[in-house]
Amino acid sequence: MFVLIDDERNMGADIICRTPDGAKEVLWDMQGKLYVLGIDHDLGYTETGHDLIKWAIARGILSNTVQLVTMNPAGGMAMALTLRDAGYITNDGLNFVKGAD
């Protein structure tokens, strides 16, 4: 299953979240069930994709597989660093997998 948090694109996702509040609801409801989470940085709201990643990590509900789909270089770097700090590994800086605990 592919869940996308993006205010504009669809990218063939099974579930699309357009708002931060909608994304939080889906992440909470789908915890443990997500296969791949695609996330954009700029969501058209004050709250960003980076904020959502930090929110989900703090609650232990972030998918084990995360794909960054942002066109914002600074936002993407911030999200990547947060994922790395949380134990996610990557070979390309865009696709992250939760490392062994």
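**Reading a mixed sheet and its helices**

Guide: Let us start with one pair of residues: leucine 4 has isoleucine 16 as its bridge partner in E2. The model is a predicted one, in which local features require pLDDT of at least 70 and side-chain atom pairs count only at pLDDT 80 or more, while totals for chains, interfaces and linings use all residues. Residues are numbered from 1 along each chain as its sequence is written, and side-chain values use heavy atoms, with hydrogens and water left out.

Visitor: In what order do the strands form the sheet?

Guide: Strands (E, at least two residues) and helices (H or I, at least four) are DSSP runs, numbered from the N terminus, and two strands pair if DSSP finds at least two bridges between them. Here 6 strands form an open sheet in the order E2-E1-E3-E4-E6-E5, with mixed pairing. E2 and strand E5 (88-90) stand at the edges with a single partner strand each, so one side of each has no neighbour in the sheet. From one strand to the next the twist averages 25°, where axes are lines fitted to C-alpha atoms, for helices over the stretch in contact, and angles run from 0 to 180 degrees between N-to-C directions.

Visitor: Which strands pair with E3, and over how many bridges?

Guide: Strand E1 (residues 2-5) pairs with E3 in the parallel sense over 4 bridges, and E3 pairs with strand E4 (residues 65-68), also in the parallel sense, over 3 bridges. Leucine 37 of E3 is the bridge partner of valine 3, and leucine 37 also stands opposite valine 66 in E4. Between E3 and E4 the chain passes through helix H2 (residues 49-59), and this β-α-β crossover is right-handed, a term meaning that, with the strands pointing away from the viewer, the path from the first strand over the helix to the second runs clockwise.

Visitor: Are the two faces of strand E3 covered or open?

Guide: In a regular strand the side chains alternate between the two faces of the sheet. In E3 (residues 36-39), Val36 and Gly38 on one side and Leu37 and Ile39 on the other are all buried, so that both faces are covered; buried means under 20% relative accessible area, exposed over 50%, and partly exposed in between (1.4 Å probe, protein chains only).

Visitor: Which residues have the most contacts inside the largest nonpolar core?

Guide: A nonpolar core is a set of buried Ala, Val, Leu, Ile, Met, Phe, Trp, Tyr and Cys residues joined through side-chain atoms within 4.5 Å. The largest one has 24 residues, and those with the most contacts inside it are Ile5, Ile39, Leu62, Val66, Leu68 and Leu83. H2 gives the most to this core, with 4 residues.

Visitor: Which residues of H1 are buried, and which are exposed on the other side?

Guide: The buried residues of H1 are Pro20, Ala23, Val26 and Leu27. They lie on the same side of H1 because they cover an arc of only 125° around the axis, the arc being that of the directions from the helix axis to the C-beta atoms. On the other side, Asp21, Glu25 and Asp29 are exposed, with glutamate 25 at 54% relative accessibility. H1 lies across E1, E2 and E3, running at about 140° to E2, and what covers its buried residues includes E1, strand E2 (15-17), E3 and H2.

Technical notes: Contact means heavy atoms within 4.5 Å.
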